Amino acid sequence: MPELQYKDKTADVSEEAVYSAARAISRARTLVITSGAGMSVDSGLPDFRGKNGLWQGFAEVEGKTLRTGDLAITKAFHDDAAQAWGFYGRLTTLFRETNPHVGFEILRRWADTVENWYVVTSNVDGHFQKAGFETSKIVQKSGTMEKLQCLTPCRPEVWENDQSFTIDSSTLRSNHVPSCKFCGGVARPNVLLFNDFSWLYRQSQEQEERFNKFLRECNPPITILEIGAGKILPSIRDMNSKAATKFAATIIRINPHEWEIDAPHISIPDGAASGLSKIERVLSKHDLDSSGHQTDYL
Ligand SMILES: [Zn+2]
């Protein structure tokens with residue numbers, strides 16, 4: 001797949017902003033980690049919906065070009081499931097073979113220092129789980145490639161994607177099409193596509209309900225990390241903005257393209273791995289106690 005290049009404006013990350021972010025993390029009793037495509041891009045995974053994302057263009061697969069936008073709709077599975085799975089099968093493999101970047105490790109450490117935490121992501125790659133975050137404390141707002149569902153769907157059930165795929169290099173078609181374990185028809189990934197009226201969202205909805213309960217019951221101060229979540233798919237930003245108002249939470253927005261946010265929130269105009277590493281360097285220079293509240297230096 002082509003390297004995705006952004007050509008937006010850039011800004012320097014001020015030391016003051018990094019210190020403010022470190023302070024907000026070390027003082028938090030509750031950490032809410034939210035992320036969009038920018039989080040995955042740093043691991044080398046494609047952005048789906050962003051301005052230069054996969055759905056807007058083409059992908060090179062086995063030296064051939066696929067119009068990826070044509071595959072982002074359920075019609076692709078109805079028309080030619082082996083072709084659609086040629087693409088999604090490759091993504092499944094890519095997600096499994098790619099290791100989460102250093103930022104995940106940093107977040108894992110921060111999560112260990114706070115009283116409580118939660119993850120909300122619009123990414124479908126399952127990399128928070130892969131990085132060791134418990135599935136029961138993750139909201140996958142757009143579903144996950146690691147689950148399958150019936151294309152019809154014949155019933156509202158999802159199941160593990162335990163399939164592996166081989167893609168024919170001349171046709172870009174998958175060697176097989178996963179079938180529905182109930183009706184034997186075509187199965188598709190349980191991810192939200194464009195104009196998708198047959199995506200089974202119950203799992204995602206239940207995750208959101210658990211998260212909303214968590215927010216109502218968790219202890220302040222709450223710090224919300226918002227990493228690589230753009231304006232094109234604004235659900236993460238909208239959610240954070242509402243939560244910040246309702247629970248007096250502080251948002252740390254890490255984004256190399258659309259980083260602006262009004263004070264008292266904190267803006268880090270940087271990529272996920274780089275921005276998180278800068279904050280971690282400040283935190284690790286100073287010993288935090290087990291509760292993360294030792295912040296004299298800040
Ligand atoms: Zn079925």
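This section describes the fold, helix packing and local backbone features of a predicted model.

The protein has 298 residues, of which 44% are buried. Its secondary structure comprises nine helices and eleven strands. Contacts over long sequence separations are frequent by count: among those between residues at least 6 apart in sequence, 69% join residues at least 24 apart.

Helix 9 (residues 272-285) packs against helix 5 (residues 102-113). The two axes come within 8 Å and cross at roughly 40 degrees. An angle of 35 degrees or more, but short of 65, counts as oblique, so helix 5 and helix 9 are oblique to each other. The crossing of helix 5 past helix 9 is left-handed. On the helix 5 side, the contact is made by Val102, Gly103, Ile106 and Leu107. Helix 9 contributes Ala272, Ala273, Leu276, Ser277 and Glu280.

Helix 9 also packs with helix 1 (residues 15-27). Here the angle is about 65 degrees, and the axes are 9 Å apart. Angles of 65 to 115 degrees count as roughly perpendicular, and helix 1 and helix 9 are therefore assigned to that class. Helix 1 passes helix 9 in a right-handed crossing. The residues of helix 1 in this contact are Val18, Tyr19, Ala21, Ala22, Ile25 and Ser26. Those of helix 9 are Lys278, Ile279, Val282 and Leu283.

Helix 4 covers residues 81-97. At 1.5 Å a residue, its 17 residues should span 24 Å. The C-alpha atoms at its ends are 23 Å apart, in agreement with that expectation. The helix is nevertheless kinked by about 25 degrees, with the kink centred on phenylalanine 87. Phe87 is itself buried, as are Trp85, Gly86, Tyr88 and Gly89. Other buried residues of helix 4 include Ala81, Ala84, Arg90, Leu91, Thr92 and Phe95.

Tyrosine 88 lies in helix 4. It has 22 C-beta neighbours inside 10 Å and therefore counts as buried, the threshold being 20 or more. Its C-alpha atom is 9.7 Å from that of alanine 72, a residue 16 places away in sequence. Alanine 72 belongs to the loop between strand 3 (64-67) and helix 3 (75-79). This loop residue is buried too, because 23 other C-beta atoms lie within 10 Å. Alanine 72 also pairs in space with leucine 193: the C-alpha atoms are 5.5 Å apart, across a sequence separation of 121 residues.

Alanine 243 is located in helix 8. With 20 other C-beta atoms within 10 Å, alanine 243 is buried; 20 is the lowest count that qualifies. Beyond its neighbours within four places in sequence, alanine 243 is in contact with Leu215, Ile224 and Ala249. The C-alpha atoms of alanine 243 and asparagine 212 are 9.6 Å apart, and the two residues are separated by 31 places in sequence.

Attention now turns to the backbone. Most peptide bonds are trans, and most residues other than glycine have a negative phi. Exceptions to both tendencies are described below.

Two cis peptide bonds are described here. One runs from threonine 152 to proline 153, with omega near -15 degrees. Proline 153 sits in the loop between strand 6 (143-150) and strand 7 (158-160). Another cis bond joins proline 220 and proline 221, with omega about -5 degrees. Proline 221 is placed in the loop between helix 7 (202-217) and strand 9 (222-227).

Positive phi values occur at leucine 172 and alanine 248. For leucine 172, phi is near 60 degrees. This residue lies in the loop between strand 7 and strand 8 (187-191). Leucine 172 has 19 other C-beta atoms within 10 Å and is therefore partly exposed; burial would require 20 or more. For alanine 248, phi is about 50 degrees. Alanine 248 is found in the loop between helix 8 (235-247) and strand 10 (250-254). Its count is 11 other C-beta atoms within 10 Å, so alanine 248 is exposed; the limit for that class is 12 or fewer.

Definitions and conventions. Residues are numbered from 1 along each chain as its sequence is written. This is a predicted model: local features need pLDDT of at least 70, side-chain atom pairs count only at pLDDT 80 or more; totals for chains, interfaces and linings use all residues. Helices (H or I, at least four residues) and strands (E, at least two) are DSSP runs, numbered from the N terminus. The expected span of a helix is 1.5 Å times one less than its number of residues. The bend at a residue is the angle between axes fitted to the seven residues ending there and the seven starting there. Axes are lines fitted to C-alpha atoms, for helices over the stretch in contact, and angles run from 0 to 180 degrees between N-to-C directions. Angles under 35 degrees count as roughly parallel, over 145 as roughly antiparallel, 65 to 115 as roughly perpendicular and the rest as oblique. A crossing is left-handed if the near helix is turned anticlockwise from the far one by less than a right angle, and right-handed if clockwise. Two residues are in contact if their C-beta atoms, placed from the backbone, lie within 7 Å.
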